[in-house]
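Hi,

Here's the structure I promised to pass along. Have a look at it first, and my notes on the pockets follow underneath.

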Amino acid sequence: MDTKNLGFNSKLIHSGQFHDEFGSATVPIYQTSTFSFKSADHGAACFAGEEDGYIYTRLGNPTINALEDAVADLEGGYRGVATSSGMGAVTAVYFGMLGAGMHMVGHNAMYGPSRMVMETLFKKFGTESTWVDATDAQNVLDAIQDNTKLIYLETPANPTMGITDLEAIVKIAHEKNIPVCVDNTFCSPYLQQPFDFGVDIVLHSMTKFINGHADIVAGMVITKTEKYYSEIRGAMMNIGSNMDPHQAYMVNRGLKTLAIRIERAQESAQKIAYYLENHPKIEWVKYPGLKSHPQYELAQKQMKGPGSMISFELKGGFTAGKTLMDNVQLALLAVSLGGVETLIQHPASMTHSKIPKKSREEAHITDGLVRFAVGIEDVEDIIADLDQALVLI
Ligand code: PLP
């Protein structure tokens, strides 16, 4: 059906979906590696791109394409490229957009491996990068070189919750013909639609909010227009970071409840953020829904809601944080986020441990920072859990 004029919740249910000849209510799993052609001429025409038709699952598959169309529609983009993981999406963008002798500017606080893969692997093949605090757009402008071919942002950033002004950076970048890519994992299209601010490429670790049930690893890249789409899809297909049909089915299933899961977790997160901010053992809290957040006004403008990710530091730094993490009982001590269960983790020794300490400190990823991903349990139980663990510090 044409979903163009539907509201977001209706799009979640119907975008990209098709029903087979038996009238299936959900998109079936086409668990096949290859597809037979009607004739040799048809096969040749499919390969030449002269006729529509599936060839081989690494190149395309109906179950995967349904998910690509759904997420592209939700983001308001042209088309999606589904990947085996969020890192598969990040590297498909890097491979598609960059090469030897080219340069990228990135936000200095972002998911650790998204930065490390550029500073190690891609550097080995001659791509350079500069990492700046992009919450000040002037820093991005200052870092641009003649060979800059990509500006790569994450907002809110993992794990500092710093918020970047997308409109301001797009303006700077487009004046120099440089595309802007945003990792929209922390918000999902429900809370932020970067294409509205002129961004060119959006990506997700769908492992997080979009799938939402901590049972699948998956990624997606969406481009705003046809431009950049074929480079990124080509990179993904040839590297082989494609999604599997079963994985696509699972994500499609999780996607349908995205809005209600986020609404619920966000409502709790706001209460937990107030609780933490007023707790005598907490040094600071960063949550876009608190007036004390340095980019509170920008969050109000750019995001439809503050989300469910909180970072904070205890008085007593890392030692106190460790006691908290070792004593929570309801929250799982685990990396990842965006699932139905509440998670707590320590970025400096876990997700961001491969970033050298000096770079971590420049990016405000302090040793004492604790990241809290709020789930959909009863908020009273989450607060009671924190309360009993904080008493022990
Ligand atoms: N981007 C962000 C913001 C993330 O938090 C993560 C993982 O935590 C990734 C990308 C990588 O995703 P994946 O673990 O699905 O490869």
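To start with the second largest pocket: which elements each supply at least two residues of its lining? They are α4 (86-97) and β6 (201-205). Before you go further, bear in mind that this is a predicted model.

That second largest pocket comes out at a volume of about 330 Å³. It has 24 lining residues, and Gly86, Tyr111, Asn158, Ser205 and Lys208 are the ones closest to its centre. By class, the lining splits into eleven polar, nine nonpolar and four charged residues.

Where does this pocket lie with respect to domain 1 and domain 2? Both domain 1 (8-255) and domain 2 (259-390) give residues to the lining, so the pocket lies between them.

Now for the largest pocket, which has a volume of about 440 Å³. Here 17 residues make up the lining, with Cys46, Gly53, Ile55, Leu59 and Gly60 closest to the centre. Three elements come up as giving two or more residues: α2 (40-48), α3 (62-75) and α9 (229-239). Of the elements, α9 gives the most, with three residues. As for chemistry, the lining of the largest pocket has eight nonpolar, five charged and four polar residues.

In short, if you want the site between the two domains, go to the second largest pocket; if you want the one with a volume of about 440 Å³, go to the largest.

Shout if anything is unclear.

Cheers

Definitions and conventions: Residues numbered from 1 in each chain as written. Predicted model: local features only at pLDDT ≥ 70, side-chain atom pairs only at ≥ 80, totals over all residues. Heavy atoms only, no water. 1 Å grid on protein atoms, 1.4 Å probe; cavity = no way out; pocket = protein on both sides within 12 Å on 5 of 7 lines; lining within 4 Å. Points joined across faces, edges and corners; volume = space filled by probe spheres on them. Helix = DSSP H or I, 4+ residues; strand = E, 2+ residues; numbered from the N terminus. Nonpolar A, V, L, I, M, F, W, Y, C, P; charged D, E, K, R; others polar. Domains from an automatic or database assignment.
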